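Open the structure in your viewer and keep the selection tool at hand. The tour goes from one residue to a set of charged pairs.

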Amino acid sequence: MKIICIGRNYADHISELNNERPTEPVIFMKPDSSILPNKNPFVIPAFSNDIHHEVEILVKICKVGKHIDVKFAHKYYEEIGLGIDFTARDVQSKLKEKGLPWEKAKAFDHSAVIGSFTSKKNYTSLENINFELKSNGTTVQESNTSLMLWKIDELIAYVSQYFTLKIGDIIFTGTPKGVAKVTEGDVLEGFIEGKSMFKIQIR
């Protein structure tokens, strides 16, 4: 399986990092070695002093597809979830300054938290879902899928122009504002519509 991530999909997050608003989705990838095993803590890597949490709605692909039309994209997933794209911001900043790819900052071991998945049928509209991340019991990121620049079906259609989507692939759909540094001892818990989807410790 592969992990396909979307960058700069919430205007408020673009603003907080002073990034340019894209005219089409920004895509990067994470390998399967980036997945944090269930119930394991996230260990801050030695190569960074500025690891940020980025909470995101996830989509799990359920059938093989290529060049998918937006109107048929809903047939390619049955479940959504919540996760974290851990980012070495200091490393990313240096790479961006040189115009280099982000993999060292985004795709390192255990940088992808993949929480529980739930049927999309549990929601009246996937374009109006509340989600949040709490750090030590305090909400640090909070948003709604209505604020996505590109909605889930649009992302699936766009991504499938470049990559064949296969069963089990996961799309990270972008993070809203509120990204911040994690420190040893933090406890991060993610929620969709008030339901806990994951809880991890930082070490």
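In which strand is the place of Gln141? Select residues 138–144: this is strand β9, and Gln141 is in it. The model on screen is predicted.

**Stop 1: Gln141**

Show the surface and look for Gln141. Is Gln141 buried or exposed? Its relative accessible area is 1%, and buried means under 20%, so Gln141 counts as buried.

Now hide the surface and show side chains. The side chain of Gln141 makes a polar contact with the side chain of His53, at 2.9 Å. Next, select what else is in contact with Gln141, leaving aside its neighbours within four places in sequence. The list includes Glu54 and Val55, then Phe131, Glu132 and Leu133. Residues from Thr175 to Val179 also belong to it, among them Pro176, Lys177 and Gly178.

**Stop 2: Salt bridges**

Side chains of opposite charge can pair when their charged atoms come close. How many salt bridges does a search of the whole structure find? The search finds 6. Three of these pairs are visited below.

Select Asp169 and Lys2. They form a salt bridge, with the closest N and O atoms 2.6 Å apart. The pair links distant parts of the chain, 167 residues apart. Asp169 is in the loop between α4 (152–159) and β10 (170–172), while Lys2 is in the segment before β1 (3–7). Turn the surface on again: both Asp169 and Lys2 are buried.

Go on to Lys60 and Glu79. In this salt bridge the closest N and O atoms are 3.8 Å apart. Lys60 lies in strand β4 (residues 55–61) and Glu79 in strand β5 (residues 77–85), so the salt bridge ties together parts that are 19 residues apart in sequence. Are these two buried or exposed? Neither word fits, because Lys60 has 29% relative accessibility and counts as partly exposed. Glu79 is also partly exposed, with a relative accessible area of 29%.

**Stop 3: A network**

Stay in strand β5 and select Asp85, then add Lys106 in helix α3 (residues 103–106). Their side chains meet in a salt bridge of 2.7 Å, N to O. The two residues are 21 apart in the chain, and both Asp85 and Lys106 are buried.

Which residues do salt bridges with shared partners join into one network? Add Lys30, Glu54 and Arg89 to the selection: together with Asp85 and Lys106 they make up the network. Glu54 was already on the contact list of Gln141, where this tour began.

Definitions and conventions
Residues are numbered from 1 along each chain as its sequence is written. This is a predicted model: local features need pLDDT of at least 70, side-chain atom pairs count only at pLDDT 80 or more; totals for chains, interfaces and linings use all residues. Side-chain values use heavy atoms; hydrogens and water are left out. Helices (H or I, at least four residues) and strands (E, at least two) are DSSP runs, numbered from the N terminus. Buried means under 20% relative accessible area, exposed over 50%, partly exposed in between (1.4 Å probe, protein chains only). A polar contact is a pair of N or O atoms within 3.5 Å; within protein, one must be able to donate a hydrogen and the other to accept it, and residues adjacent in sequence count only if both atoms are side-chain atoms. Contact means heavy atoms within 4.5 Å. A salt bridge is a side-chain nitrogen of Lys or Arg within 4 Å of a carboxyl oxygen of Asp or Glu.
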